[in-house]
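The following questions and answers concern a protein–DNA model. Please consult the sequence and the structure while reading.

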Number of protein chains: 2
Amino acid sequence: MDETHSSIKKGRKYAQVIEGARTVFLRDGFEGASVDDIAREAKVSKATLYSYVPDKRVLFLEVAGLEATRQADAFTERMDENQPPHVLLPSAGRKILDFLLSDFGTAVYRIAVAESLRFPEVAQRFYESGPGLVQKRLSQYLATATARGELVIEDIELAAEQFAELCKVRLVPMRIFQMVHDIDEAQKQEIVDSAVAMFLARYGTSR
Amino acid sequence: MDETHSSIKKGRKYAQVIEGARTVFLRDGFEGASVDDIAREAKVSKATLYSYVPDKRVLFLEVAGLEATRQADAFTERMDENQPPHVLLPSAGRKILDFLLSDFGTAVYRIAVAESLRFPEVAQRFYESGPGLVQKRLSQYLATATARGELVIEDIELAAEQFAELCKVRLVPMRIFQMVHDIDEAQKQEIVDSAVAMFLARYGTSR
DNA sequence: GCTCAACTAAACCAATCCGTTTAGATTCTC
DNA sequence: GAGAATCTAAACGGATTGGTTTAGTTGAGC
């Protein structure tokens, strides 16, 4: 593997630094995180940290970039395109919702939103390899299902975005705005089911 | 009007201070805003500012609270409950979308998300008097329309949230994540129309 | 014209933070 | 085990910030 990837990494504790930065940035955001905290968390001296990375801003971009691709990889797990919508959509919806409600998912979203003014490129990259990727894979499935005659959709990309959006109803805002009246498993299922019902009422065939 | 409202306001330049704080907080967020900036923006000395407000945090809470109620008032404009869904929903959807896409709406949302960890009570208040209020008024309408037999809805509140969520599709994330490929009027109409179409496909009666 | 409350500008304090430097310890390679 | 590369702890400089204090100004009411 070619390691000239980024041209700013040299020594052997690079991974430690990134991991520590990840932890602290996700916990405290960009402004809230201090470089001393990060160095402490990474069990590394500040001097070595600064031997890897020219400044805090670049460190953040590095971490955010890695997170984006990690997020992308997580969603690259294939879904079985042969299954009919009323079978596939519930499980896909659950996967989306579970991610958005996870500690990690909310932290990432929070930072992307908070830092989108300071770092527009970070926000965009997150969008493209987060929601964007989901929408892309979903569109792909919807296209084949439509070709099979199981769905009738004029604007496939729009339909995919609508479905993803429907999965966020109620629970995602509640989570983000810290109104965590115990996150119920049954509630999650209810939301996803209602998203599927709505989607099929609009784009389903027979039924 | 009783002016013992909050017990921390005294002098005559209180409004100036709040207005300056509003400007700077909305522009720079909580951490990004410096008290000196706010004082300068308000054309007030830092000493007077601190004679009104004990610290920066409380100032932020004060501003955020006022913004929340302002937001609430804006949506309290009555909508004509006698109109049928296919007439009322598009205009309601447009109102929601226009707010979310406005400079003010995005700034408020950004701050609420970014500061929801530091100030859970702010985030909650925003939710309740922002999305929460919209959902409440929408629910009210959906209930009467259902009573008139124009809609068939089991869970009214859920339906209201679904509609609001559908209005956010595509454009709201694009706006928040700074991918502002010119915000087209036609696009907005397209999103709202598709939201209405989906909603009526699920909950509409004969048509 | 005096008083008193609100205001101002500016200096100031203590804390924090980013980033650098120094002086030395550890580890890797040969 | 010598020497080079990498690391460490700690201190430091310079800048910013939240909040206080001081010394002085403005202006309305009497």
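Q: Which residue has a side-chain N or O atom 2.6 Å from a base oxygen of DNA strand C?
A: The model is predicted, so that local features need pLDDT of at least 70 and side-chain atom pairs count only at pLDDT 80 or more, while totals for chains, interfaces and linings use all residues. Residues are numbered from 1 along each chain as its sequence is written, chains are lettered from A and ligands numbered from 1 in the order in which they are written, and side-chain values use heavy atoms, without hydrogens and water. The residue whose side chain makes this approach to a base oxygen is A:Lys46.

Q: Which elements give two or more residues to the surface near DNA strand C?
A: A residue is near the strand if one of its heavy atoms lies within 4 Å of it. Helices are DSSP runs (H or I, at least four residues), numbered from the N terminus. The elements are helix 3 (46-52) of chain A and helix 3 (46-52) of chain B.

Q: At what distance from a phosphate oxygen of DNA strand C does a polar side-chain atom of A:Lys56 lie?
A: A:Tyr50 also places a polar side-chain atom by a phosphate oxygen of DNA strand C, at 2.9 Å. For A:Lys56 the distance is 2.8 Å.

Q: What percentage of the atoms of DNA strand C within 4 Å of the protein belong to sugar or phosphate?
A: The strand is surrounded by 18 residues, with B:Thr48 and B:Tyr52 among the closest. Bases account for the rest of the strand atoms within 4 Å of the protein, and the share of sugar or phosphate is 69%.

Q: How much area do chain A and chain B bury between them?
A: Buried area is the accessible area (1.4 Å probe) that two parts lose on being put together, summed over both. Of this area, 67% is on carbon and sulfur atoms, and the total is about 3,700 Å².

Q: Which three residues supply 18% of the area that chain A buries against chain B?
A: In the interface, 39 residues of chain A are in contact (heavy atoms within 4.5 Å) with 39 residues of chain B. No other three residues supply more of the area that chain A buries than A:Glu165, A:Phe177 and A:Met198.

Q: Which residue of chain B meets A:Arg170 in a salt bridge?
A: A salt bridge is a side-chain nitrogen of Lys or Arg within 4 Å of a carboxyl oxygen of Asp or Glu. The interface of chain A and chain B has 2 salt bridges by this rule. At 2.8 Å, N to O, the partner of A:Arg170 is B:Glu161.

Terms used
A polar contact is a pair of N or O atoms within 3.5 Å; within protein, one must be able to donate a hydrogen and the other to accept it, and residues adjacent in sequence count only if both atoms are side-chain atoms.
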